[in-house]
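User: Could you walk me through reading a few local features here, one at a time? I work at the bench, so keep it plain.

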Amino acid sequence: MSAAAVEHPCDDGPEPLLETANRLAEQHPGYRVEIIGGVITVAPPPDGPHARALTKLMRPFIAAGLDDKDSEVLQGIGVWLPGGPEDYAIPDLAIVDADLDQHLIENNCYDPAVFRLVLEVTSSNYNSDLRHKVAAYADAKIPVYVIVDRKHGRVHVLTEPLGSAYDRHEVYAPGQEAPLPESIGAEVTLDVAELINAGRPRS
């Protein structure tokens with residue numbers, strides 16, 4: 001993920017960040033444009049292994065019944081962040097309350113209060129997922145943040161947001177199971193080896 005170089009039209013002043021972000025999204029279909037900490041970031045479309053890992057991730061959540069009744073499992077849904085006046089992020093995967101549609105804030109982004117879990121599968125932007133988004137999601141009081149770190153072959157489970165950090169940060173390696181807190185609405189355990197293998201190119 002890289003910070004976007006922004007050129008402003010010559011008018012009365014710079015355009016709002018949100019307008020710039022939306023213009024960049026229109027100019028680069030398939031790219032993910034976010035504003036985190038007042039900085040616009042642009043990430044290229046994910047590769048095949050990233051998408052494969054995401055598909056594997058959805059299965060245990062759906063099997064646990066989290067895509068029915070009072071919650072949904074959604075990809076690429078925007079969360080409005082409290083870190084800045086126009087901050088928002090688009091996590092790879094989220095578990096949200098079923099009444100999500102009633103909590104739209106702005107720019108197709110929703111109130112973080114309806115997010116039970118956000119999840120990122122790292123790409124070239126792994127530093128953002130492991131640092132900037134930790135602070136952003138903790139600030140937003142999202143209870144659970146899961147990171148599938150493809151570069152280092154680990155799964156991070158962060159819980160108990162406190163200020164701009166998470167009070168608990170568990171790291172799991174292949175061969176281990178990563179249990180998630182039942183506060184997400186069901187008992188779910190992730191197979192770390194399966195996810196890491198899915199996120200690697202097939203030989």
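Analyst: Let's start with one residue: Asp47 is partly exposed at 39% relative accessibility. The cut-offs are under 20% relative accessible area for buried, over 50% for exposed and partly exposed in between, using a 1.4 Å probe and protein chains only. This is a predicted model, where local features need pLDDT of at least 70 and side-chain atom pairs pLDDT 80 or more, while totals for chains, interfaces and linings use all residues. Residues are numbered from 1 along each chain as its sequence is written, and side-chain values use heavy atoms, with hydrogens and water left out.

User: Which end of α2 does Asp47 cap?

Analyst: The N-terminal end: a side-chain oxygen of Asp47 lies 2.9 Å from the backbone nitrogen of His50. For a polar contact, the N or O atoms must be within 3.5 Å; within protein, one must be able to donate a hydrogen and the other to accept it, and sequence neighbours count only through two side-chain atoms.

User: Which residue meets Asp47 in a salt bridge?

Analyst: Side chains of opposite charge can pair when their charged atoms come close. Here the partner is Arg150, at 3.2 Å from N to O. Arg150 sits in the loop between β11 (144-149) and β12 (154-162) and Asp47 in the loop between β3 (39-43) and α2, so the pair ties together parts 103 residues apart in sequence. Arg150 is buried, at 15% relative accessibility. The rule for a salt bridge is a side-chain nitrogen of Lys or Arg within 4 Å of a carboxyl oxygen of Asp or Glu.

User: How many salt bridges does that rule give?

Analyst: The count is 10. One of them joins Glu120 and Arg32, at 3.3 Å from N to O. That pair links distant parts of the chain, with Glu120 in strand β10 (residues 115-121) and Arg32 in strand β2 (residues 32-36), 88 residues apart. Glu120 and Arg32 are both buried. They also belong to a salt-bridge network with Glu34, Asp92, Asp129 and Lys133.

User: Back to the helices: what span should α2 have?

Analyst: An expected span is 1.5 Å times one less than the number of residues. Helix α2 (residues 48-63) has 16 residues and should span 22 Å; its end C-alpha atoms are 23 Å apart, which agrees. Helices (H or I, at least four residues) and strands (E, at least two) are DSSP runs numbered from the N terminus. The buried residues in α2 include His50, Ala53, Leu54, Leu57 and Phe61.

User: Where is the kink in α3 centred?

Analyst: On Lys133, where α3 bends by about 45°. The bend is the angle between axes fitted to the seven residues ending there and the seven starting there. With 14 residues, α3 (residues 126-139) still reaches 19 Å, close to the expected 20 Å. Lys133 is among its buried residues, as is Asp129.

User: What about positive phi values?

Analyst: Most residues other than glycine have a negative phi. Asn107 is a non-glycine with a positive phi of about 55°, and Asn108 is another, near 60°. Asn107 lies in the loop between β8 (104-106) and β9 (109-110), and so does Asn108. Asn107 is partly exposed at 26%, while Asn108 is exposed at 61%.

User: Which side chains of β14 are buried?

Analyst: In strand β14 (residues 177-180), Ala178 and Leu180 are buried on one face, while Glu177 and Pro179 point to the other and are not buried. β14 pairs antiparallel with strand β15 (residues 188-191) over four bridges; pairing takes at least two DSSP bridges between the strands. Glu177 has Asp191 as its bridge partner in β15.
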